[in-house]
Amino acid sequence: MQEIFNIFIRSIFIDNMIFAYFLGMCSYLAVSKTVDTSFGLGLAVTFVLGITVPVDYLLNEYILKPGAMAWLDEGFADVDLSFLSFILFIAIIASMVQLVEMVVEKFSPALYASLGIFLPLIAVNCAILGGSLFMQERDYQNVAEATSFGLGSGIGFFLAIIGIAAIREKIRYSNIPPALRGLGITFIITGLMGIAFMSFLGIKL
Amino acid sequence: MSEEKKEREPLFSPKNLKLIKDPLSINNPITVQVLGICSALAVTAKLKPAIVMTISVMVVLAVSNVVISLLRNGIPPRIRIIVQLVVIATMVILVDQVLKAFVYDVSKQLSVFVGLIITNCIIMGRLEAFAMGNKPWPAFLDGIGNALGYGIILIIVAFFREFLGSGTIFDIHVIPQGFYDFGYKNNGLMILPPMALITVGVIIWVQRYRNRDLIEDH
């Protein structure tokens, strides 16, 4: 139980998707102009990560890992399908995003309208596939740990995008050198926020 | 088939050369189109992984641009994203296996970022914006051009980070020992991830200062 909680906290603060690994930067930069839209995107990413990471974990554990097919038959014990993981993970993610899109459209048309094009684009958000690939690389012990890693990473992304959106809303009133306006200053601010998040680095959980 | 078919465009007509040149400067995928930032920053602590990453992206982008361009009239628009993802994922699996076979240590250093080429926005972006509406040869040039534009930024960032952070270039010490004796120290901060963002920010600043058309309102 404690291990699960540790993974959760680690993935929010220490291994933050944006500040430690730069995953999901594209939508992070494109959507963070106002707090409202980034709130919606952050929620959607958290939700999709929370679903796809455990599903991909099960897929990895029972089909892809070397020897994972042993539950099927003795003869499959030395089958190694791990080279297929990219294509299967992306297929799971694309179909999950499709599913989430349909559910949101059915039950909350308001949220659906406010997310607009960004909902389908989550499928190609690096943070989602990155979550699954990190899960595979770090060898989590059971599906609960994988779930807490997925949810934690999503919340980390959520915090980061809300933070930058709030700063960008305020920075509109300051006098920035013209050449640095927009993209340039956003990069530099993200860098500074990253340095701030590095203060969590030494913490061992 | 017809008469006009004979007057084919030369392979390197000015229009085609523009496809290669534009992404290097005024239409750079990273600093202007804001595509593919995710992987660009994480692999730039040293020059060698940055160059391997550039080559991998170039192969994936050029080949999948050509494949999608060949298929473009047969892909139903509703499922095009899945088709594109399958083509890209297949190419990335090939690149990943080749890297693991020939440069294992670099492949370990790049860790998940080779897999993340699949979701690299440059590739999806170029497939959507260019390959879906153009012939294979221009699509190929567009792929090469954009991968070069991506690579140039990667290499500039990696050069500064490796030079200032470790005092080496391609793992060879270039700062003479005498400097260290006088009290010069490597700037350890440059190796850490946040400095990649700040370096890219400065590159954008310099580029926009020299090319005023690119300046945004806010």
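Helices and strands are taken here as DSSP runs, a helix being H or I over at least four residues and a strand E over at least two, numbered from the N terminus. On this basis chain B of the predicted model contains nine helices and two strands, and its elements succeed one another along the sequence in the pattern α-α-α-α-α-α-α-β-β-α-α. The C-alpha trace of chain B extends over about 75 × 45 × 35 Å along its principal axes. Chain B comprises 218 residues, of which 47% count as buried, and its accessible surface amounts to about 11,000 Å², with 66% of that area belonging to carbon and sulfur atoms. Where contacts in chain B join residues at least 6 apart in sequence, 75% of them link residues at least 24 apart.

Helix α6 of chain B, which covers residues 121–129, has B:C121, B:I122, B:I123, B:M124, B:R126 and B:L127 as buried residues. These buried residues pack against elements of both chains, namely α2 (25–31) of chain A and, within chain B, α2 (37–42), α3 (47–71), α4 (80–102) and α7 (136–166).

Helix α7 of chain B also holds B:L154, a residue that counts as buried because its relative accessible area is 1%, under the 20% cut-off. When neighbours within four places in sequence are left aside, B:L154 is in contact with B:I30, B:A40, B:V43, B:T44, B:A50, B:M53 and B:T54. Of these partners, B:M53 lies 101 residues from B:L154 along the chain, while the C-alpha atoms of the two are separated by 8.8 Å. A further buried position in chain B is B:S107, with a relative accessibility of 9%, located in helix α5. Apart from residues up to four places away in sequence, B:S107 touches B:L99 and B:K100.

The second largest pocket has a volume of about 620 Å³ and a lining of 23 residues, among which A:S85, A:Q136, B:D96, B:K100 and B:K108 lie nearest its centre. Two or more lining residues are contributed by each of α3 (35–64), α4 (85–107) and α7 (126–138) of chain A, and likewise by α4 and α5 (104–110) of chain B. The largest share, four residues, is supplied by α4(B). In composition, the lining of this second largest pocket divides into eight nonpolar, eight polar and seven charged residues. B:K100 thus recurs in the description, being listed with the residues nearest the pocket centre and as a contact of B:S107.

Over all chains, the structure holds eight aromatic pairs. In one of them, A:Y140 and A:F149, the ring centres are 5.3 Å apart and the planes meet at 35°, so the pair is classed as tilted; both A:Y140 and A:F149 are buried. B:F159 and B:F160 form an edge-to-face pair, with 5.4 Å from centre to centre and 75° between the planes. The members of this pair in chain B are partly exposed, B:F159 at 31% relative accessibility and B:F160 with a relative accessible area of 38%. In chain A, ring pairs additionally link A:F13, A:F19, A:F197 and A:F200 into a cluster.

Two loop residues of chain A complete the description. A:D139 is placed in the loop between α7 and α8 and is partly exposed, with a relative accessible area of 48%. Most residues other than glycine have a negative phi; in A:D139, by contrast, phi is near 60°, a positive value in a residue other than glycine. A:N175 is found in the loop between α8 (143–171) and α9 (183–197), and it counts as exposed because its relative accessible area of 76% is over the 50% cut-off. The C-alpha atoms of A:N175 and A:G152, residues that are 23 apart along the chain, are separated by 36 Å.

Definitions and conventions
Residues numbered from 1 in each chain as written. Chains lettered and ligands numbered in written order. Predicted model: local features only at pLDDT ≥ 70, side-chain atom pairs only at ≥ 80, totals over all residues. Heavy atoms only, no water. Buried < 20%, exposed > 50% of the residue type's maximum accessible area, 1.4 Å probe, protein only. Contact = heavy atoms within 4.5 Å. 1 Å grid on protein atoms, 1.4 Å probe; cavity = no way out; pocket = protein on both sides within 12 Å on 5 of 7 lines; lining within 4 Å. Points joined across faces, edges and corners; volume = space filled by probe spheres on them. Nonpolar A, V, L, I, M, F, W, Y, C, P; charged D, E, K, R; others polar. Areas by Shrake-Rupley, 256 points an atom, 1.4 Å probe, with all protein chains shown as cover. Phe/Tyr/Trp six-rings, centres within 6.5 Å; stacked < 30°, edge-to-face > 60°.
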